[in-house]
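Visitor: Please walk me through this structure, and tell me what makes each description fit.

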Amino acid sequence: MRRAAFAVAAGAMAVSLAACGSAKESGGSKSDSSSSAKKGDAIKVGLLLPENQTARYEKFDKPLIEKKVKELTNGKGTVQYANAKQDATTQAQQVETMITDKVDVLIVDAVDSAAIKNSVQKAKDAGIPVVAYDRLAQGPISGYTSFDNTTVGKTQGEALLTALGSKAKSGKIVMMNGSSTDPNAAQFKSGAHSVLDGKVNVGKEYDTKDWKPENANANMEGAISALGKKNIVGVYSANDGMAGGIITALKAAGISVPVTGQDAELAGVQRILAGEQFMSVYKPYPQEANAVAEMAVAIAQGKSLDTIAKDKVDSPTDKAIPSLIVPVVSLTKDNIKDTVLKDGIYTVSDICTSAYKAKCDALGIK
């Protein structure tokens with residue numbers, strides 16, 4: 001099951017990259033190796049993550065990046081970390097601090113990809129190259145790694161169609177997209193629409209401020225009031241956190257319909273087990289975290305990115321950014337064992353708490 005899922009995701013990723021106008025043929029590296037003084041292993045890597053409401057950043061990304069930097073620098077490299085807690089102004093101040101502290105390279109997962117542009121330029125002007133992580137920040141970026149975001153949306157849309165079956169046009173769906181300040185959200189939405197348009201009736205669609213579950217909950221309550229609870233047949237949710245808020249609103253109204261998600265958060269996996277959420281998108285965080293650590297260390301040490309970044313992408317402000325795009329997997333109750341458990345993201349005891357033990361036993365998760 002997992003092998004097939006990866007094959008489908010990788011194939012879709014290849015098509016997406018081939019068709020996307022921002023993707024370029026891989027050529028010479030655009031790293032800062034020519035301008036950076038060559039350094040040894042004792043480097044300082046700045047790491048700025050956007051928020052701490054989504055479980056992945058503190059639980060997975062930060063420790064994985066720290067671990068990989070240590071491995072790549074024989075234990076001599078350090079990571080200086082800050083979290084913006086979904087505040088673009090705070091993140092700009094954090095960049096200033098990193099510049100003052102003279103980090104050798106900066107990894108940035110932007111709160112607002114456009115607002116961060118001036119800060120990226122300031123870092124560059126101070127001789128600090130910036131690697132964009134997960135979200136493609138604007139400004140002079142030296143490297144970028146993320147998942148194929150359009151394919152994420154397609155994967156969600158295809159799963160929702162599968163869950164709806166013959167009921168796809170029997171009522172209306174609600175689309176709960178991510179934050180308008182996140183370029184990934186626009187790509188998720190585009191991918192989902194490319195699959196869903198013409199095959200479902202979209203009753204209500206929202207861009208959810210700051211990706212917050214409480215905002216998704218309020219939006220869902222509004223959609224239920226406007227559409228009528230008997231007319232809603234499914235919900236496209238761009239991530240698991242929002243899915244939680246959506247499902248709370250659906251339960252309160254006595255509605256049970258398929259809901260999508262993304263990030264394979266523990267609560268999302270448990271909702272999938274319980275039949276409350278149909279699917280999530282599992283994004284192998286170790287691959288993404290390892291890639292950005294490799295890029296950052298290579299750039300700080302004045303090395304080429306040619307062997308790490310196989311792709312090229314454009315941002316609104318920069319061209320041919322060396323990039324590595326990681327494939328994704330559609331996570332349902334049928335492949336929990338072959339994905340998040342097999343990869344060590346969670347243990348059986350994490351997932352199969354007393355409330356979910358019977359569901360785990362039924363699926364052979366022991």
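## A cavity and two helix pairs

Guide: Let's start inside: the lining of the largest cavity has three nonpolar, four polar and seven charged residues. Here Ala, Val, Leu, Ile, Met, Phe, Trp, Tyr, Cys and Pro count as nonpolar, Asp, Glu, Lys and Arg as charged, and the others, Gly among them, as polar. The model is predicted, so local features need pLDDT of at least 70 and side-chain atom pairs 80 or more, while totals for chains, interfaces and linings use all residues. Residues are numbered from 1 along each chain as its sequence is written, and side-chain values use heavy atoms, without hydrogens or water.

Visitor: What makes a space a cavity, and which residues line it?

Guide: On a 1 Å grid over the protein atoms alone, a 1.4 Å probe fits there but cannot get out, and lining residues have an atom within 4 Å of a point. One cavity of 30 Å³ or more is counted, and the largest has a volume of about 130 Å³ (the space filled by probe spheres). Among its 14 lining residues, Tyr 57, Arg 135, Trp 211, Asn 239 and Asp 263 are closest to the centre. Helices α2 (55–72) and α6 (183–196) each give two or more residues to this lining.

Visitor: Why are α7 and α8 called oblique to each other?

Guide: The axes of α7 (residues 213–227) and α8 (residues 240–252) cross at roughly 40° and come within 7 Å. Angles under 35 degrees are roughly parallel, over 145 roughly antiparallel and 65 to 115 roughly perpendicular, so the rest, this pair included, are oblique. The α7–α8 crossing is right-handed (the near helix is turned clockwise from the far one by less than a right angle). Their contact (heavy atoms within 4.5 Å) includes Met 220 of α7 and Ile 246 of α8. By class, it has eight nonpolar, four polar and one charged residues.

Visitor: What makes α5 oblique to α6?

Guide: Helix α5 (residues 149–164) packs on α6 at about 40°, with axes 6 Å apart, and that makes α5 oblique to α6. This crossing is right-handed. Its contact has seven nonpolar, eight polar and two charged residues.

Technical notes:
Axes fitted to C-alpha atoms, helices over the stretch in contact; angles between N-to-C directions. Helix = DSSP H or I, 4+ residues; strand = E, 2+ residues; numbered from the N terminus. 1 Å grid on protein atoms, 1.4 Å probe; cavity = no way out; pocket = protein on both sides within 12 Å on 5 of 7 lines; lining within 4 Å.
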